[in-house]
Amino acid sequence: MLYAGIAWDGDGYEVDVVDEAGRSAVPPARFGADRVPELIDRLRGLPGQPPVTVVESTNGILDGRLMAAGLAVHRADPHLLPPRPGFGSVPAAAIARAAARAPSALARLERARGTQTGREPELAEWIAGAAAETAELTAAGRCLSHRGRDRREIALTFDDGPQPENTGRVLDVLERYGVPATFFCVGMNARAHPDLLVRMREQGHGFGNHTWSHPFLPELTRPQLREQIERTQEAITEAAGVPAPALFRPPYGARTPQVLDWIAESGLRIALWDVVPDDWSMPGARTVSDLVLDQARPGSVVLLHDGGGDRGQTVEALPPMIEGLLERGYHFTLVDEPTPARASAA
C-alpha cells in the first residue's frame, strides 16, 4: 500500500509518496495551483493499486477534485501531525508518513460530506458557541446573512473558485441572463487563474475573500489567520485589478468568538447566507434549483460553489433557478451593493 501526502504553500502543492514502512516510494513532486489535473494524473499513474491520498485540515479545496477523479481521499487532523508553519501545511512527507503510521486514525472523506466528513458535530458546536457574538456583529452591521427584507432582490454567491472546469461555465450562464454575482475566491486559485478574475470584473461581478486554502479557522492561530486573509486580499487585487474586497466568508461558516474577534481586526465584513442548497454535495441539479426557489425570500443571499470539485450540477441548475426567481419578481444584486435610497414623500 502506498500513502500519498499532499501539502500546500504559497506556490501550490507538494506530493510525497511513501510505502507502509514510511520509505519514499517515488520522488516528490511539486505542482502549481494551476496544474491540479497533472497532480491527479500523477497519483492515478502510480504503480499498483491507487494510493491512500491524504490531505490535512487546512487544505479544503482539493479533496473534491481528487474524489471526482476516483481517488480515495483521507484527512489527517492536527493531532496526527507536527506543528504547522505560520503559512502553509506541514510537509507532504510528514503527512504521508503520519498516514502510514496510523492509517486507522485517518478520516475517509465522502463526496457528499466533503472535507468536513466526521467533523460536522464539532463544526455545529463552534457555530452555536459563537451565536451571541455573531448576532452582536450583525446588529453592528459587521456581519450579514441576508440583505434588507423590504426589497424583492436576491444575491447569488459562489465559493471556492476560480476553477477553470467550472467558473467559465458559470460566467457564461450569468452573462447570458445579465445577472451579477459575488465570487468568494480562494487565494491560491485566484493567483493561479487571474484571467477568470479579470472576466468576473469585466462582467460586473463582485469579489469576496474566502481565505487562501479553505481551512477550519478555529484550528488556526491569530498570525496564521491573518496570513490567510492578507495574502488572499493581495491575490484578488493583483489578479482582478480591483480594490481589496470588503467581504470575508469563513470556510464552512466555521467561527468561534475568538475567530470573530480576529476577523473583526482585519476590518472585513463577514458575509454568511440564508439560502443553502448544498450544491457541493451534488444532490442533483433539479434539487439544487428547487431548494433555492423554495428557500428564497426578499434580500436572500444564496450560497453556491464554482470550485472545490465537480460543479456541473450547479451550472445545470443555474438557468431554471434564475428564470424561476425572475418569474417571482426578483432582481439580482451584489451582496454589498448599496440599497437605493427611497424617495421621501413631498
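In which sense, parallel or antiparallel, do strands E8 and E14 pair, and over how many bridges? In this predicted model, E8 and strand E14 (residues 331–332) pair in the parallel sense, over 2 bridges. Within this pairing, Glu153 has His331 of E14 as its bridge partner. Strands of a sheet pair through backbone hydrogen bonds, in either a parallel or an antiparallel arrangement.

E8 also pairs with two further strands. It runs parallel to strand E13 (residues 301–305), to which it is joined by 5 bridges; here Thr157 is matched with Leu303 of E13. Pairing with strand E9 (residues 181–185) is likewise in the parallel sense and comprises 4 bridges, with Phe183 of E9 as the bridge partner of Phe158. The connection from E8 to E9 involves helix H6 (residues 164–177), and the three elements make a right-handed β-α-β unit.

The surroundings of E8 are consistent with an interior position. The strand spans residues 153–159, and because 7 of its 7 residues are buried, E8 is largely enclosed by the rest of the structure. Burial applies to both faces of the strand: Glu153, Ala155, Thr157 and Asp159 are buried on one side, and Ile154, Leu156 and Phe158 on the other.

Leu156 of E8 reappears in the analysis of nonpolar packing. The largest nonpolar core has 66 residues, and Leu156 is, together with Tyr13 and Leu66, among those with the most contacts inside it. Helix H12 (residues 312–327) gives the most to this core, contributing 6 residues. Beyond residues up to four places away in sequence, Leu66 touches Ile6, Leu39, Ile40, Leu43, Thr53, Val55, Leu71 and Val73. A second, separate core has 16 residues, including Ala76, Val90, Ile95 and Ala100.

An open sheet of 6 strands is also present, with the order E3-E2-E1-E4-E5-E6 and mixed pairing. Its edge strands are E3 (24–32) and E6 (107–108), each of which pairs on one side only. Helix H3 packs on this sheet and touches E1, E2 (12–18), E3 and E4; the direction of H3 makes about 145 degrees with that of E1. Strands E1 (residues 3–9) and E4 (residues 52–56) run parallel and are joined by 3 bridges, and one bridge partner pair consists of Gly5 and Val54 of E4.

Ser89 is located in the loop that lies between strand E5 (73–76) and helix H3 (92–101). With a relative accessible area of 8%, Ser89 falls under the 20% cut-off and is therefore buried. A polar atom of the Ser89 side chain lies 2.9 Å from the backbone nitrogen of Trp8. Apart from neighbours within four places in sequence, the contacts of Ser89 are Ala7, Trp8, Glu56, Thr58 and Ile95. Among these, Ile95 is included in the second core.

A contrasting environment is found for Asp34, in the loop between E3 and helix H1 (36–44). Asp34 is partly exposed, since its relative accessible area is 46%. The C-alpha atoms of Asp34 and Asn189 are separated by 7.5 Å, although the two residues are 155 residues apart along the chain. When residues up to four places away in sequence are not counted, Asp34 touches Ala192 and His193.

How values were computed
Residues are numbered from 1 along each chain as its sequence is written. This is a predicted model: local features need pLDDT of at least 70, side-chain atom pairs count only at pLDDT 80 or more; totals for chains, interfaces and linings use all residues. Side-chain values use heavy atoms; hydrogens and water are left out. Buried means under 20% relative accessible area, exposed over 50%, partly exposed in between (1.4 Å probe, protein chains only). A polar contact is a pair of N or O atoms within 3.5 Å; within protein, one must be able to donate a hydrogen and the other to accept it, and residues adjacent in sequence count only if both atoms are side-chain atoms. Contact means heavy atoms within 4.5 Å. Two strands pair if DSSP finds at least two bridges between them. A crossover is right-handed if, with the strands pointing away from the viewer, the path from the first strand over the helix to the second runs clockwise. A nonpolar core is a set of buried Ala, Val, Leu, Ile, Met, Phe, Trp, Tyr and Cys residues joined through side-chain atoms within 4.5 Å. Axes are lines fitted to C-alpha atoms, for helices over the stretch in contact, and angles run from 0 to 180 degrees between N-to-C directions.
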